[in-house]
Amino acid sequence: MNHRRFAITICVLSALTFVSAYADEVRGFAISAGIGPSTIEDVDGDETFSGDGFGWSIDLEYRVSQYFALGLGVMSFGEADDFFEGADVSLEAGATNFFVRGVLPVTDSIELYGRLGSAIYSTDSRFFDLGEGPSYAVGIDIGRQEHWSFRIEGLRIDGEDREDGSLITAGVSYLF
């Protein structure tokens, strides 16, 4: 079984190398940062915590080609408050996200994208909770001039046991 995984990994890496060899100038490391409103949700039986906060995100990625990137992101959903299980509860949540981003260049200065990943998240309130779940996002990069662009992104993490987080950010991206 390990030989099969190794062979598949080599094939995928070879394909990525082939694709990146013929890509336009848009490749290399990039960093992006954004801030914006967030929502934290936690459903326990009949009780639902749903609070709004203000969060941030920072992503580091390697742009393999004009159409494909691999990355790592860190985010905070901020602090949210709600009446939950008979008490006023304040909840903070954050996550680390590993992702693959697919890019669709619309013009020379506008790119649409979608990304899929896996997130490890933590929450802190009356108790500490750690979990993992899939993440997905859609966004747009506007005005890429050489290195800089303005970015708008909507991201969601679907956590274990119906613990979810959403973050809408506006920020910048820099391609080295």
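**Exercise 1. Classify Tyr62 by accessibility and place it in the fold.**

Step 1. Tyr62 has a relative accessible area of 36%, so the residue is partly exposed. The classes are buried under 20% relative accessible area, exposed over 50%, and partly exposed in between, with a 1.4 Å probe and protein chains only. Accessible areas come from the Shrake-Rupley method, and for residues only the protein chains shown count as cover.

Step 2. Note the basis: this is a predicted model, where local features need pLDDT of at least 70, side-chain atom pairs count only at pLDDT 80 or more, and totals for chains, interfaces and linings use all residues. Residues are numbered from 1 along each chain as its sequence is written, and side-chain values use heavy atoms, without hydrogens and water.

Step 3. Tyr62 lies in strand S2. Helices (H or I, at least four residues) and strands (E, at least two) are DSSP runs, numbered from the N terminus. The protein chain has one helix and eight strands, in the order α-β-β-β-β-β-β-β-β from the N terminus.

**Exercise 2. Analyse the aromatic pairs.**

Step 1. Three aromatic pairs occur in the structure. Rings of Phe, Tyr and Trp (its six-membered ring) pair if their centres lie within 6.5 Å; planes under 30 degrees apart are stacked, over 60 edge-to-face, the rest tilted.

Step 2. Take Phe29 and Tyr62: ring centres are 5.0 Å apart and planes stand at 65°, so this pair is edge-to-face. Phe29 sits in strand S1 and Tyr62 in strand S2, 33 residues apart, so the contact links distant parts of the chain. Phe29 is partly exposed at 49%.

Step 3. Now take Tyr174 and Phe176. Their centres are 4.9 Å apart with planes at 80°, so this pair is also edge-to-face. Tyr174 is partly exposed at 22%, while Phe176 is exposed at 56%.

Step 4. Ring pairs join Trp148, Tyr174 and Phe176 into a cluster.

**Exercise 3. Describe the nonpolar surface patch.**

Step 1. Apply the criteria: patch residues have over 30% relative accessible area and no salt bridge; nonpolar side chains (Val, Leu, Ile, Met, Phe, Trp, Tyr) are joined within 5 Å, like charges within 9 Å.

Step 2. Members of the nonpolar patch include Phe29, Trp56, Tyr62 and Phe176; together the patch has about 990 Å² of accessible area.

Step 3. Assign the sources. Strand S1 (28-44) and strand S2 (47-65) each supply at least two residues. S2 gives the most, with five.

**Exercise 4. Locate the salt bridges and assess their burial.**

Step 1. Nine salt bridges are present. Each is a side-chain nitrogen of Lys or Arg within 4 Å of a carboxyl oxygen of Asp or Glu.

Step 2. Glu111 bridges to Arg63, with the closest N and O atoms 3.1 Å apart. Glu111 is in strand S5 and Arg63 in strand S2, so the pair ties together parts 48 residues apart in sequence. Both residues are buried.

Step 3. Glu153 and Arg115 meet at 3.5 Å, N to O. This pair links strand S7 to strand S5, 38 residues apart. Glu153 is buried at 4%; Arg115 is buried at 4%.

Step 4. Arg156 and Asp164 meet at 3.2 Å, N to O. Arg156 is partly exposed at 22%, whereas Asp164 is buried at 16%.

Step 5. Extend the search from that pair: Glu41, Arg156, Asp158 and Asp164 are linked in a salt-bridge network.

Key
Areas by Shrake-Rupley, 256 points an atom, 1.4 Å probe, with all protein chains shown as cover.
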